[in-house]
Amino acid sequence: MLYVCCPTGMPRHCVPQKMPSLSPATQEGIVALLDSLEVTLLNLENGSPQAVITGLRLLVRTAQLLAPFAHQPEVAALQQEIQQILAYSEFSQTQPIRKILVETKKVLEQLAARMTGVQVRLLLVEPDDGLADLLTTMLQTPYRQIHRVATATEAQQWLQQQSAHLIITELFLPDLDGRSLILWIRQQPQTQQTPILVLSAHLSSAVKAECYALGADDVLEKPFDPAELSLIVASLLQRMILQQGSDPLTGLPGRALLEETFGRLQQLHRQTGAPFCVAFVDLDRFAEINERYGTAIADAILRQVAWHFGRLLRPGDVVGRWEADTFCLLLPDTSETQARLLLERILEALQTEPIKLAETPPLTLSFSACIFPLSGNKPVRLMDLHQQSQQCLKRRRADAPVRSIQEHVTHKPRILLVEDDPDIASLIQIRLQRDGYEVVHLANGREAAEWARQHTADLVILDVKLPGMDGFELLAFLRAQPAFAEVPL
């Protein structure tokens with residue numbers, strides 16, 4: 001079912017849309033995709049069957065990243081090839097996938113070469129000059145900028161002035177133990193999420209365990225395998241640059257990247273007056289599918305749905321996974337009527353082309369959606385539109401397929417309070433509600449984890465001693481959820 005929500009009225013005119021400028025995150029996403037393509041092509045040469053699936057996911061991501069360049073002939077031709085291979089190719093065949101991945105890599109390299117400031121920044125903390133030169137030569141590419149320092153003090157000074165996508169450090173430093181440097185890095189707000197690779201000699205199990213406990217993402221002992229080092233670096237860079245902005249399950253943009261893109265498109269909409277629609281799509285009865293067939297099958301279905309969106313949307317459209325089984329569509333230069341027709345076409349494809357997996361009978365999917373035509377100069381938050389769409393769907397899932405809804409967006413910051421002491425919980429809840437916050441109170445850690453799978457919050461307050469799942473376990477679970485990766489706890 002499709003619903004049309006008009007929080008600020010609906011535009012009635014169309015102005016040709018100019019091409020938006022690329023954000024640094026988008027530029028770095030292209031660079032990270034190049035790294036991942038190199039690894040995938042190598043894995044294809046080595047006969048890895050998983051590399052075929054990885055390649056297909058990378059093609060979905062490529063189609064997304066190349067949308068702003070669709071006016072360029074070579075990109076338009078590649079986009080058409082990608083759509084064809086996603087729609088009609090035999091997924092088990094390696095050669096067609098390899099051929100188009102090679103073509104994709106060439107086009108991305110041409111684009112990267114014409115972009116200014118496209119650099120992935122690596123900080124190398126290595127006191128040995130010879131080894132530092134060797135590592136720089138091994139890891140240097142036209143898209144990576146490697147800055148080398150010899151001491152922890154130099155590393156701290158550099159990180160206070162610059163940002164890095166990856167930090168590679170030795171443990172035996174002239175002025176400070178490398179483990180203390182890791183601890184310092186994790187204490188700085190600007191580097192709390194920066195991947196850290198420890199590259200050192202004579203690493204005992206206890207030292208490795210301590211490095212991981214202090215916040216290292218990977219530990220590699222010298223002497224090292226150059227191929228292994230290259231793969232680890234590419235993987236950490238991909239996670240930092242690509243997966244932090246994208247959903248690792250589907251390859252689609254995640255919430256952070258959706259909000260960033262929405263901000264740019266909304267600003268462009270206000271400048272030009274061109275129509276702009278946002279839609280939130282919820283899969284129907286997906287919880288039943290998850291419960292009946294399990295998480296692995298549910299994840300495979302979500303990837304299939306993402307593929308359907310990727311092949312049916314137009315160049316310039318953006319689709320991402322907001323949370324769980326909720327997808328978000330950003331449709332620039334699109335009127336309400338055009339958005340409705342587009343979603344109806346996707347819905348028809350899902351209903352006429354059952355999802356076929358080896359472990360299940362063919363599954364026919366459907367979804368419900370709310371469409372928001374935006375107009376006017378008042379900024380709107382994407383999170384507010386999502387909350388409004390959920391209210392709309394709860395009230396109107398059984399109504400007519402298409403309905404226009406005039407509603408104003410309101411947002412009351414939501415706080416998740418997980419506290420099993422009823423007196424303390426009541427005191428906190430009363431004070432926060434008095435100050436204008438929405439408070440969701442749960443007394444069981446496992447119940448809070450289940451709630452977080454389907455919802456989000458602007459702040460989380462946790463007790464440590466909780467029934468079902470203690471506060472430390474719940475903290476780790478929440479940080480693993482894309483929706484809670486950046487939420488203050």
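Let's start with a charged network. E126, E170 and K222 are linked by salt bridges. Keep in mind that this is a predicted model. The general idea is simple: side chains of opposite charge can pair when their charged atoms come close. Across the whole structure, the search gives 12 salt bridges.

Let me walk through a few pairs. Take E103 and K99. Their closest N and O atoms sit 2.7 Å apart, and they form a salt bridge. Why can these two meet? Both belong to helix α4, residues 94-114, and they are four residues apart, so about one helical turn separates them.

Next, R179 and D177. This is another salt bridge, with the closest N and O atoms 2.8 Å apart. Buried or exposed? R179 is partly exposed, at 22% relative accessibility. The cut-off for buried is under 20%, so R179 does not count as buried. D177 is partly exposed too, at 31%.

Then R381 and D384. Their side chains meet in a salt bridge, 3.3 Å from N to O. Here the two ends fall into separate classes. R381 has a relative accessible area of 39%, which makes it partly exposed. D384 has 8%, so it is buried.

Now the strands. Which residues of β10 are buried? Strand β10 covers residues 367-374, and eight of its eight residues are buried. Look at the two faces. F367, A369, I371 and P373 point one way. S368, C370, F372 and L374 point the other way. Both sets are buried.

What does β10 pair with? Its partner here is β7, in the antiparallel sense, over eight bridges. If you want one position to click on, take F280: its bridge partner in β10 is C370.

Stay on β7 for a moment. This strand runs over residues 276-283, and D282 lies in it. D282 is an acidic side chain to look at. Its relative accessible area is 5%, so D282 is buried. What does its side chain touch? There is a polar contact of 2.8 Å between the side chains of D282 and T326.

On to helix α6, residues 152-161. Which of its residues are buried? A152, A155, Q156, W158 and L159. They span an arc of only 165 degrees around the axis, so they lie on the same side of α6. On the other side, Q160 and Q161 are exposed.

And what do the buried residues of α6 pack against? Three strands and a helix: β2 at 120-125, β3 at 144-149, β4 at 166-169, and α7 at 178-187. Pull up α6 with those four elements and you can see this packing.

Last topic: confidence. The protein averages a pLDDT of 79, and 83% of the residues score at least 70. Where does the score drop? Over residues 6-21, pLDDT is below 50. The model still gives that stretch 42 contacts beyond near neighbours in sequence. Residues 397-410 also have pLDDT below 50. That second stretch has 45 contacts beyond near neighbours in sequence.

To recap. E126, E170 and K222 form a salt-bridge network. β7 and β10 pair antiparallel, and β10 is mostly covered. Helix α6 has its buried residues on the same side, with Q160 and Q161 exposed on the other. And pLDDT falls below 50 over residues 6-21 and over residues 397-410.

Methods: Residues are numbered from 1 along each chain as its sequence is written. This is a predicted model: local features need pLDDT of at least 70, side-chain atom pairs count only at pLDDT 80 or more; totals for chains, interfaces and linings use all residues. Side-chain values use heavy atoms; hydrogens and water are left out. pLDDT is the predictor's confidence in each residue, from 0 to 100. Contact means heavy atoms within 4.5 Å. Helices (H or I, at least four residues) and strands (E, at least two) are DSSP runs, numbered from the N terminus. Buried means under 20% relative accessible area, exposed over 50%, partly exposed in between (1.4 Å probe, protein chains only). A polar contact is a pair of N or O atoms within 3.5 Å; within protein, one must be able to donate a hydrogen and the other to accept it, and residues adjacent in sequence count only if both atoms are side-chain atoms. A salt bridge is a side-chain nitrogen of Lys or Arg within 4 Å of a carboxyl oxygen of Asp or Glu. Two strands pair if DSSP finds at least two bridges between them. The arc is that of the directions from the helix axis to the C-beta atoms.
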